[in-house]
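Student: I should like a close look at one part of this structure, namely how its helices pack and what surrounds them. Please give the account as one connected argument.

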Amino acid sequence: MILTTGSAGFIGSNFVLDWFAQSDEPVINLDKLTYAGNLENLASLKDNPNHIFVQGDIGDKALVAKLLALHRPRAIVNFAAESHVDRSIHGPEDFIQTNVVGTFHLLEVVRAYWSGLSDAEMTNFRFLHVSTDEVYGSLAKSEPAFTENHRYEPNSPYSASKAASDHLVRAYHHTYGLPVLTTNCSNNYGPYHFPEKLIPLMIVNALAGRSLPVYGDGQQIRDWLYVKDHCSAIRCALEKGKPGEVYNIGGWNEKANLDIVHTVCRLLDELQPRSDGKPYREQIAFVADRPGHDRRYAIDARKIERELGWKPSETFETGIRKTVQWYLDNQTWVNNVLSGSYRQWIEKNYAERA
Ligand code: NAD
Ligand code: TYD
C-alpha cells in the first residue's frame, strides 16, 4: 500500500487514475479538498475498494500518524501543495502553511513511523516529494536548461515555498537517513487541469466567448509535459530511484506563452469552430504582466533518462490535441468547477490587469 497526498488535485488525481490502470496495490489518498481539490476527478474509482480517500491536512500530525499506523504504507508520494503563482502573489500565507509547515509536519510524522519499521521495511521505504522546476529561478534565452545541480533561485512566494520544502526533504535524508526522492518537473498540462492555469483557462475562456488574457508580451517560455508522462516518471522514480537523489522531469518542449495560446486557438478552430466563423485568436488580449514574472524555464531531463530509463511518450502536438479534446468532451466537469469561488478569483486576478 502507498499513501499519496493532494491526489484530488490535477497531477495527483491523474497519478492515482494511472496507478489503478496498471496495479491493484491500494492507495490511501489524503487531501484537504481546498478549492483545487475535486472528488469528481476520482469519480471512476468510486467502487474501487483499493482507493481509500481521507479528507485531511498534511499538517495534521495526529491524523497522519493514525493513518500510517493503521495502513502501514511502503511509500508516500507528496503532491499536496498550494500550486498557483498568481494566488501566491495575492496571498502567500497558505503557501507557507501547506508547502513549508505542512511538509515539515508530514516529514516529522513519517520519520517517527519509518524509524519504527523493521530493518528491511526501513530500507525499502520511500518518501517521494513532488516539486517544480520553478525553484531554480529564471533562465536567459541563451542559458542551458536546468540540471539537478542548478542553484536554487526561487522568485515567487510559490517557488520559494516549494524550495523550502525541497530543502527540508533533503535535510531529512542527510540528517536522519529517511529514504527520500525529490522530483522537479516542468509545467504540466492535460485532463483535470484547474482552469486558473494557462492552458485550461484559454480553452474555457475561448469556448465561453471571453477574452484570452496574455500577460505582458507573451514571450515567456515554459517547458511543457503531458501530465501522464509526469505520472509515469514518478512511478519510475518510486521504483528505481536512488534514495537521496533528485530527478528533473521534463518533455523537451519549450514554448512561448503566445505560441501556446495560438496552438489552442487553432485546435479549437478545427474541433469546435466559432459560430460566426471567425478565428478564436481574435479573442486574445494582452494584459498587465505578472509581478516578478520568470522569463524562461527549461528542464534538462537527461539524468532520469540515463539512470532510470524514463522518457516521455507524448509530443507536445499529440498531448495538446488530446487535452483540448478532453475539455470539449468534459463540459460538465468544467461547468461544475466554474463555481462562485472560481468566479471571485477570476474577478480578483484579472480586473486589475485590464
Ligand atoms: P493542484 O493545485 O491542482 O492540487 C493540489 C492538491 O493538494 C489539491 O487537491 C488540494 O486540495 C491539495 N491540498 C492543498 N493543501 C493541502 C493540505 N494542506 N493537505 C492536504 N492536501 C492539500 O496542484 P497540481 O498542479 O496537481 O500540483 C501537484 C504538485 O505538483 C504540487 O506539489 C506542485 O507544486 C507540483 N508541480 C506542479 C506542476 C504543474 O504544472 N501543475 C509542475 C511541477 C510540479
Ligand atoms: P501558469 O499556468 O500559471 O503556470 P506557471 O506560472 O506555474 O508557469 O502560467 C503559465 C504561463 O502563462 C506563465 O508565464 C504565466 C502565463 N499566463 C498568462 O499569460 N495568462 C494567464 O491568464 C495565466 C493564468 C498565465
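Tutor: Helix axes here are lines fitted to C-alpha atoms over the stretch in contact, and the angle between two of them, from 0 to 180 degrees, is taken between their N-to-C directions. The structure is a predicted model.

Let us begin with helix α7, residues 198-208, whose axis comes within 11 Å of that of α11 and crosses it at roughly 50 degrees. That angle makes α7 oblique to α11, and the crossing is right-handed. From α7, the residues that make the contact are Ile199, Pro200, Ile203 and Leu207, while α11 supplies Ile320, Thr323, Val324, Tyr327 and Leu328. Sorted by class, this contact of α7 with α11 comprises eight nonpolar residues, one polar residue and no charged residues.

Helix α11, residues 316-329, also packs against helix α9, residues 257-271: the two axes come within 10 Å and cross at roughly 55 degrees. The pair α9 and α11 is therefore oblique, and the crossing of α9 and α11 is right-handed. On the α9 side the contact involves Ile260, Thr263, Val264, Leu267, Leu268, Glu270 and Leu271; on the α11 side it involves Phe316, Ile320, Arg321, Val324, Gln325 and Leu328. By class, the contact of α9 with α11 has nine nonpolar, two polar and two charged residues.

Ile320 deserves attention of its own. This residue of helix α11 appears in the contact with α7 and in the contact with α9. Its relative accessible area is 2%, so Ile320 is buried, the cut-off being under 20%. Leaving aside neighbours within four places in sequence, Ile320 is in contact with Tyr189, Ile199, Thr263, Val264 and Leu267. The C-alpha atoms of Ile320 and Tyr226 are separated by 7.9 Å, although their positions lie 94 residues apart along the chain when counted as a sequence separation.

From Ile320 one can pass to the interior. In soluble globular proteins, nonpolar side chains tend to be buried together. The largest nonpolar core here has 70 residues, and Ile320 is among those with the most contacts inside it, together with Phe15, Leu128 and Ile304. Apart from that core lies another, of 25 residues, among them Leu3, Leu30, Leu107 and Val110. Returning to Ile304, its contacts are Ala233, Tyr247, Asn248, Ile249, Gly309 and Trp310, not counting residues up to four places away in sequence.

Phe15 leads to a further helix pair. Helix α1, residues 10-22, and helix α8, residues 227-240, pack at an angle of about 65 degrees with their axes 9 Å apart. These two helices are therefore roughly perpendicular, and the crossing of α1 and α8 is right-handed. Phe10, Ile11, Asn14, Phe15, Asp18, Trp19 and Gln22 of α1 meet Val227, Lys228, His230, Cys231, Ile234, Arg235 and Leu238 of α8. The contact of α1 with α8 has eight nonpolar, three polar and three charged residues.

Two buried residues complete the view of the interior. Gly250 lies in the loop between β10 (246-249) and β11 (254-256), and is buried with a relative accessible area of 0%. Beyond residues up to four places away in sequence, Gly250 touches Ser186, Leu225, Ile299, Ala301, Trp310 and Pro312. Trp310 is thus a contact of Gly250 and of Ile304. Thr103, in helix α4 (residues 93-115), counts as buried at 1% relative accessibility. Outside its neighbours within four places in sequence, Thr103 is in contact with Ile58, Asn78, Thr98, His129, Ser165 and Val169.

Finally, the backbone in two loops should be noted. Most residues other than glycine have a negative phi. Tyr192, in the loop between β7 (187-189) and α7, has a positive phi near 65 degrees, and Tyr192 is buried with a relative accessible area of 17%. Arg72, which is not a glycine either, has a positive phi of about 50 degrees. Arg72 is placed in the loop between α2 (61-71) and β4 (75-78), where its relative accessible area of 45% makes it partly exposed.

How values were computed:
Residues are numbered from 1 along each chain as its sequence is written. Chains are lettered from A and ligands numbered from 1 in the order in which they are written. This is a predicted model: local features need pLDDT of at least 70, side-chain atom pairs count only at pLDDT 80 or more; totals for chains, interfaces and linings use all residues. Side-chain values use heavy atoms; hydrogens and water are left out. Helices (H or I, at least four residues) and strands (E, at least two) are DSSP runs, numbered from the N terminus. Angles under 35 degrees count as roughly parallel, over 145 as roughly antiparallel, 65 to 115 as roughly perpendicular and the rest as oblique. A crossing is left-handed if the near helix is turned anticlockwise from the far one by less than a right angle, and right-handed if clockwise. Contact means heavy atoms within 4.5 Å. Ala, Val, Leu, Ile, Met, Phe, Trp, Tyr, Cys and Pro count as nonpolar, Asp, Glu, Lys and Arg as charged, and the others, Gly among them, as polar. Buried means under 20% relative accessible area, exposed over 50%, partly exposed in between (1.4 Å probe, protein chains only). A nonpolar core is a set of buried Ala, Val, Leu, Ile, Met, Phe, Trp, Tyr and Cys residues joined through side-chain atoms within 4.5 Å.
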